[in-house]
Amino acid sequence: MKNIKGFVILASLLLLFLSVGTLSGQEIAIKAGTILPISDAPIENSTILIKDRKIAAIGQNIAVDADARVIDASGKYVMPGMIDSQSRLFVIDNELNERRSIAPELNILDGLDPYIKEAPEVAAQGVTAVYITPGSRSLIGGSGAVLKLNGSKDVGKMLLKDNIAVKAAIGVSSNNQSSSLGRLANYSSIREALLETKIYMHNKEKHDREQAKYNKKKAEYDKKKEARPTEKVEKPKRPARFRPNPTREVLAKVLSKEIPLQIEVHRVTDILNALRLADEFGFKLILDKCTEGYLIAEEIARSKSPVILGPVSSSFADMPRLEYRHHDIRNAAILSGKGVKLALGVSGRDGASSKFVALAAAIAVANGMDRDMALRAVTLTPAEILGVADRIGSLQVGKDADIVILSGHPLDSLSQVEMVLIEGKTVFERKDQQ
Amino acid sequence: MSISFCLTSSGSESQSLAIRASKIWTITDGVITNGVIIINEGKIQSVGENIEIPEGIRVLDMSDKDVMPGMIDAHCHIGLSLDIFSEMDETVAAVAADMLILDAFNPYSDDVKKALSCGVTTIMLAPGNRNPVGGLPAVLKLDISKANDWVLVRAAGVEFSVMNEALMFDREPTSRAGLMDLIREELDKAKEDKDDGFNPTRDILKRVVVANKTAYIWARNVDEIASAMAIVDEYELKAVLVTAEQGDEIADMIAERNLPVIYPPLLLSSRDKDLKRAGKMANSGIKIAFASLTPRTDLHDLRTSAILAAKYGLDTETALKSLTINAAEILGVADRLGSISEGKDADLVILNGDPLQLTSSIEMVLINGNIVYQRQEE
């Protein structure tokens, strides 16, 4: 009897706990006209179910809780939140660059201002995540991070992932004169840093081996000493101390393929140099900007290195710089046509420009890029390149519920974003103004 | 490209041509579905739904395509033989009224080919904004195959700038008041009309203060626009405001004076507040045309300006007009350009979709009925 009473109390407590649980994590059902999952073909007239900040189900006959919040998006388009893979949102002017030329241990998160006013405007255009890297002034300039535009003022809560890639630059005129000699120097400085890292790694391994040997000998020595304290045993010699070097440690991660090296390159020679470096050292390369890529598209495709391309139109760029002299608006179309894995970034002149992600994709389409590839280039492809595709980039069960509802197709220039959800939380809802 | 050029050189204007199109955006007379345009001697002979195509005439079958008038870039600096950021300003002298921008134009530059691939068939080639009195802009059609036919207006009005960019440290004027004083002084001299021999500056400014030619005045912020309007009022000028980005904040004052605005590229802005300004001004009754200000933006984005403005509140009809007829009217060439109507030049852009969709590609461009650009698949 006593046991049964106890069981009832326990069960009711459990029930109470469960109901509180569902209240805080209320189900959301989006009844969608057209779903663009990006990972698969479009789905008509289906429901997306959101549970505990994740996509729980997508389909036509899904059981929805009676108390679920239902969002009517019939006749509308539903797609994953877009990603600006070349953003400078949250970055205060001139704080993208450190004066040191080799500074890979810096983390972009330390230089961000989460209080900037533009973020909600960017989110309102369906951009739910931005990838921010250090600038191109240092040859090797620190690592970038992906942040969500979830309205938080806490960088830690916006952060999806940091240490995504170490940013480098070859032949960028903003610091070094972009003479061929300057570019050559860039190339060889980066190469030197990587070579030194190789030596560092070698020395570290050697030290680790010696240290292990010493540890073993020391343990034997201690054991003998303990058993026969009076006996004279030769004490093993401790190997020389090894000083870890933060710069080298980060570059070692690049060389061991833990983190990609993202190299900003514009002109053909610089792109070729970046490819050569990757060949020589075997690191994971991400080509950034890749302005003249269209001239050697096949070579880039053969290297299998992904590209984060931008700006699609030179109008986005800060000002016409030397690197953009041979900028061609068909670059994205040509590269992706040759099979290069390609993400499109805005690469705008300021943070608010990140709102132009869909516009950049549309410009690429007008100039020959496949429509599906262009949409993928602002959603799933950047997520894959940046190593966050397990969380964002497509509408698939298990991924974060970062969802955009639009009045029309995202590539339709006059479509309006109606609603934006990040992890199931509404961060933007369009009020009927007109 | 090679095709387009041989067509250009061999195409004679006396040849007649008919274009069948899915949609003809006439601009001044609505949209014609499944229509025909007949071109004769470089002019539009007729346009409509039920038009019979004469026997033996060459027919361009574009029945799945859209046709619009050639776009007009109301202010740009292309074809100047300069590197990247150009010296389109005469920065030694503050008054450069007799500077003819056409003298610096290279009709064979890559810029011109690029403009055609963007559907831009006519431009106002303008000096920059660093001279209080800045020289003479020109209106050009970009079919340069026949000598000088492409110069529509050699010296169209006079450019002025009351922007802070016109102030320098090492040249007078160095203040806004000094700038205004200088412009007034020059205009007064022209108005006095004393015949004291050769004086090119006075003779040119006379066109503005006496002959009522257009003054193109660069002014961006509210205060600069107010300065521009002060001069317009005092000298009763026929004027056009160039850029006038913050014009929406004093839209009633601009509309009251009937001042048209040549609006800068929307992609130079990124805040929602700024992206809405062009639409607000047009809705207040101000006539606007768009400018690419190339090399500041890509020529391709002239059309982007209209599309973005439409997304941010400008009605689509006005957005299209701002790329065509409005610009033609502001530049004084609407008798020949800006719409698909009988008697106008056959300057046409053929797209594979709605002109206000960024994803629509420009397939073919004609000037005076000659094909000057044809898109090649990769």
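**Strands, domains and core of a predicted two-chain model**

In chain A, strand β7 (residues 140-143) and β10(A) pair in the antiparallel sense over two bridges. Strands here are DSSP runs (E, at least two residues), as helices are (H or I, at least four residues), numbered from the N terminus, and two strands count as paired if DSSP finds at least two bridges between them. The model is a predicted one, in which local features need pLDDT of at least 70 and side-chain atom pairs count only at pLDDT 80 or more, while totals for chains, interfaces and linings use all residues. Residues are numbered from 1 along each chain as its sequence is written, and chains are lettered from A and ligands numbered from 1 in the order in which they are written.

Within the β7(A) pairing, Ile140(A) faces Ala168(A) of β10(A). On strand β10 (residues 166-169) of chain A, Val166(A) and Ala168(A) point one way, Lys167(A) and Ala169(A) point the other way, and all are buried. A residue is buried if 20 or more other C-beta atoms lie within 10 Å of its own, exposed if 12 or fewer, and partly exposed in between, with C-beta atoms placed from the backbone. In a regular strand, side chains alternate between the two faces of the sheet. β10(A) also runs parallel to strand β11 (residues 261-265) of chain A, to which four bridges join it; there Ala169(A) has Glu264(A) as its bridge partner.

Chain B offers a pair of hairpins to look at. Strands β1 (residues 17-25) and β2 (residues 31-40) of chain B run antiparallel and are joined by eight bridges, with Ile19(B) opposite Ile37(B). Five residues lie between these strands, and in this hairpin Ile27(B) takes a positive phi near 80 degrees. β2(B) then pairs with strand β3 (residues 43-48) of chain B, again antiparallel, over five bridges, and Val36(B) stands opposite Gly48(B). This hairpin has two residues between its strands, and Glu41(B) in the turn has a positive phi of about 50 degrees.

Next come the domains, whose bounds come from an automatic or database domain assignment. Chain A is divided into domain 1 (1-80 + 395-434) and domain 2 (82-181 + 244-392). Contact (C-beta atoms, placed from the backbone, within 7 Å) involves 19 residues of domain 1 of chain A and 21 residues of domain 2 of chain A. On the domain 1 side, β15 (403-406), β16 (417-422) and β17 (425-429) of chain A each supply at least two residues. For chain B, the assignment gives domain 1 (2-69 + 341-374) and domain 2 (71-331), with 30 Å between their centres, taken over C-alpha atoms. Their contact takes 18 residues from domain 1 of chain B and 21 residues from domain 2 of chain B.

Between the chains, the contact takes 29 residues from chain A and 22 residues from chain B. On the side of chain A, α8 (331-337) and α9 each supply at least two residues, and α9(A) gives the most, with five residues.

Helix α9(A) returns in the interior. The largest nonpolar core has 248 residues, and those with the most contacts inside it are Ala361(A) and Leu241(B). Helix α9 (residues 357-366) of chain A gives the most to this core, with 10 residues. Such a core is a set of buried Ala, Val, Leu, Ile, Met, Phe, Trp, Tyr and Cys residues joined through C-beta atoms within 7 Å. Not counting residues up to four places away in sequence, Ala361(A) touches Leu344(A), Ala374(A), Leu375(A), Ala377(A), Val378(A) and Leu411(A).

Notes:
Two residues are in contact if their C-beta atoms, placed from the backbone, lie within 7 Å.
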